[in-house]
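Me: I have a model open and want to go through its fold, packing and backbone. Short answers, please.

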Amino acid sequence: TMSVELPSVKQAPLARRIRASIAGVLLGAVSVALLAAATASADLTYLPHSLAVKTNTKYGHDCFWAPPKGMDYANLPGAIPIQKPNLYPDVGSTYFVAQYVLPEGASLTFHGKYGYERYMSWTMFGRPGALGQIASADHLRDFQIKPDKGSINPFRPGGKRNGGPRNYTFHVVSGPIPDVRAPNTIYTQTTDPATRLGMSIRNYIPDRGRDGTGDVGLPKLVLNLADGTEVRGQQACAMLDPIEDVSTSTFPAGMWKGLVAASPDPSNAPAKNPPVWEKFWNALYNVAGIFIADPAEREAAYPPTESGGFQNNPDTSYLLTPVSLNYGPLITFSGKMPTFPKTLPAAKRWSPKNYQVRYWSLCSGSSPVTGLGYDCVFDQQVPLTKKRRYTIVVGRPADRPRNARPTCGYQWINYGQGENYPDPAARDYVDTMYMRFMAVDPGWKNAPQKVKTPGTERKVMGAYFPKSKYWTKAGFAKLGCRSK
C-alpha cells in the first residue's frame, strides 16, 4: 500500500470535505493496476499478429530493454506485466522501457537507426510526484536527433522518408539540463548513483509490413565509465542492473472510490450530459479536481500546472472526458480533423509538408485507477467530409447501428469494460475518452498546446474542439448515411 501526500494549500469548503472523506485511506494502487492490466484486453491492435509476434520474439530478450510494451503485445502468449499498457495507451504505439542505475560519473551511448514510421522519441521519466505520479522529464523527438556523418534523418520536414543510410548516435548523461545542450543528449537530472532511472523509446505507426521498431531494431548500448572504459553487452547490463517492473503511475483506487461516493451524483460522476472535454494538466487537477464544480475552488485545491502524470508524452497535448452509458447507449464525438502526414502504407515523402499534427487519435479507456485502453482510432482511419469534419460513434457492440461504419461516413469505437478495477463499486458503464494531439506545428493557433487557462479549450481550439452527444440506437440509425 501507499500513502498520499497532497499539496498544502488554502482550500474552500467543498475541497476540504472531499479530501476529508478520503483522508487516511490505504491505497492498493500497485496490486489493483497489476490485476486489472492482467485481465483486460484491447479490442483493437495496429500491427498484424505476425508482426507483433516477430517484434516480441526479436526484441523481447534484450538484457537492457524490457520486452515491447503496447496493445499489440499485452495479450501475446507469455506476455509479462510490463508489456501490458496501463497508462492510457494508444493503439499505434510500441514502447521500449529501460529502468536502471547509472554508476557515478558514467554515461550511456546508443548507436541506433531511424525507423520507417510516423514518430519516434526518447524520454526520461520524471521524479515521482503527488499520488506517485510519474511525468516525463527530458526528451528529444526524432527530427531533433542529428544523423551520423553520411546518414540522413528521414523525419526532417519535406525530406524523403525512405532514404538512407539512417544511423544516429544518442547519449544519456547524468545531471541537470545545461543552458547549452550537447547534441543528441538527454539528461537524467540527478547525479545520485543510487537513483533508479527510467526512460522509454516511443515508436508510432510503422509503415505497412514493418515491425514495431519501424524495422531497424533496438539501439546498441555502450556504458561509458568515469575512467573512460567502454563496457558493452552483458557486462554493461550487470553494472546497470536493469529491472522490468510494471508502472504503477495510475490513480489510487481508494481515493477514486471516495471521490465518486462523495459526489452529488455517485451513479455517473464525474461524467456529465453532455460530456465535458478538458485539457490534461496533471493528475490532481484533472482526476481529483474534476469532482469540484467551482473553477476557482478547484484551481485553489489543485493548481492546473502542466506537470503531467500517467507518464505523459511531452510532445503530446491530451483532451479528456469521462462518459456514462446511463445517459444513452451511444455517444458521438465530432469536430474538425487537423491536417496530418499520411504515412501509410509507406509514403515516400512527408505529405502535406506543413501539417498541423504529426499524429491524432481518439481512444476509449477505463478509470484512472487502471488507465487501461480499450479501443482507438487514429487519423488515417477516420472518414472525413470535404471540410475535414469527422464523427466518431462510441458504444457497446450490441448497440452498434448499421450506419455506424466508414462507408456511411462514421467511424466506430468499442466502449470497453468501464472503470475496470477489482471492487464492487467499479461501474462497467463509466469510461474515460482521451484524444491525442501529438507533435503539433508550433504556429498552429488552434492547438490544445495553446490553451493556457482551464475552461478556454473551446475558445482556443474553435472548430477543432470536439462536440459530444448521447444517442439511442434508433435515434442514430435515423441519420442514415451522410453525404461527403
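Reply: A residue counts as buried when its relative accessible area is under 20%. The model is predicted. By that cut-off, of the 484 residues in the chain, the buried share is 58%.

Me: How many helices and strands does the chain have?
Reply: Both kinds of element occur in the chain. The secondary structure comes to nine helices and 18 strands.

Me: What percentage of the contacts with a separation of 6 or more comes from residues 24 or more positions apart?
Reply: Take the contacts in the chain with a separation of 6 or more. Residues 24 or more positions apart account for 73%.

Me: What area does the chain expose, and what part do carbon and sulfur atoms supply?
Reply: The exposed area is about 19700 Å². Of this, carbon and sulfur atoms supply 53%.

Me: Is helix α5 largely enclosed or largely open?
Reply: Helix α5 spans residues 253-262. Its buried residues are A253, G254, M255, W256, G258, L259 and V260. That is seven of the ten, so α5 is largely enclosed by the rest of the structure.

Me: Which element gives the most residues to the largest nonpolar core?
Reply: In soluble globular proteins, nonpolar side chains tend to be buried together. Here the largest nonpolar core has 51 residues, and W360, L362, I392 and F437 touch the most other members. Elements giving two or more residues include β11, β13, β15 and β17. With five residues, the top contributor is α5.

Me: How many residues are in the other core?
Reply: This core lies apart from the largest one. Among its members are A98, W122, I186 and L218. Its count is 34 residues.

Me: What is the strand order in the open sheet of five strands?
Reply: The pairing is antiparallel. Strands β10 and β14 each pair on one side only, at the edges. The order is β10-β11-β17-β13-β14.

Me: Which residue stands opposite Y318 in β17?
Reply: Strands β11 and β17 run antiparallel. Nine bridges join them. The residue in β17 opposite Y318 is R436.

Me: Is S317 buried or exposed, and what is its relative accessible area?
Reply: S317 is in strand β11. Leaving aside neighbours within four places in sequence, S317 is in contact with K279, M435, R436, F437, P448 and Q449. The cut-off for buried is under 20%. S317 is therefore buried, with a relative accessible area of 4%.

Me: Which residue does a cis peptide bond join to A269?
Reply: Most residues other than glycine have a negative phi, and most peptide bonds are trans. The bond at A269 is cis, with omega about 5°. Its partner sits in the loop between α5 and β10. That partner is P270.

Me: What is omega for the peptide bond from L344 to P345?
Reply: P345 lies in the loop between β12 and β13. The bond from L344 is cis. Omega is near 5°.

Me: What is the relative accessible area of D241?
Reply: D241 is not a glycine, yet its phi is positive, near 50°. The loop between α4 and α5 holds D241. D241 is partly exposed, at 40%.

Me: Where is A439, and is A439 buried or exposed?
Reply: A439 has a positive phi of about 50° although it is not a glycine. Its place is in the loop between β17 and α8. With a relative accessible area of 3%, A439 is buried.

Note on methods
Residues are numbered from 1 along each chain as its sequence is written. This is a predicted model: local features need pLDDT of at least 70, side-chain atom pairs count only at pLDDT 80 or more; totals for chains, interfaces and linings use all residues. Side-chain values use heavy atoms; hydrogens and water are left out. Buried means under 20% relative accessible area, exposed over 50%, partly exposed in between (1.4 Å probe, protein chains only). Helices (H or I, at least four residues) and strands (E, at least two) are DSSP runs, numbered from the N terminus. A nonpolar core is a set of buried Ala, Val, Leu, Ile, Met, Phe, Trp, Tyr and Cys residues joined through side-chain atoms within 4.5 Å. Contact means heavy atoms within 4.5 Å. Accessible areas come from the Shrake-Rupley method with a 1.4 Å probe; for residues, only the protein chains shown count as cover. Two strands pair if DSSP finds at least two bridges between them.
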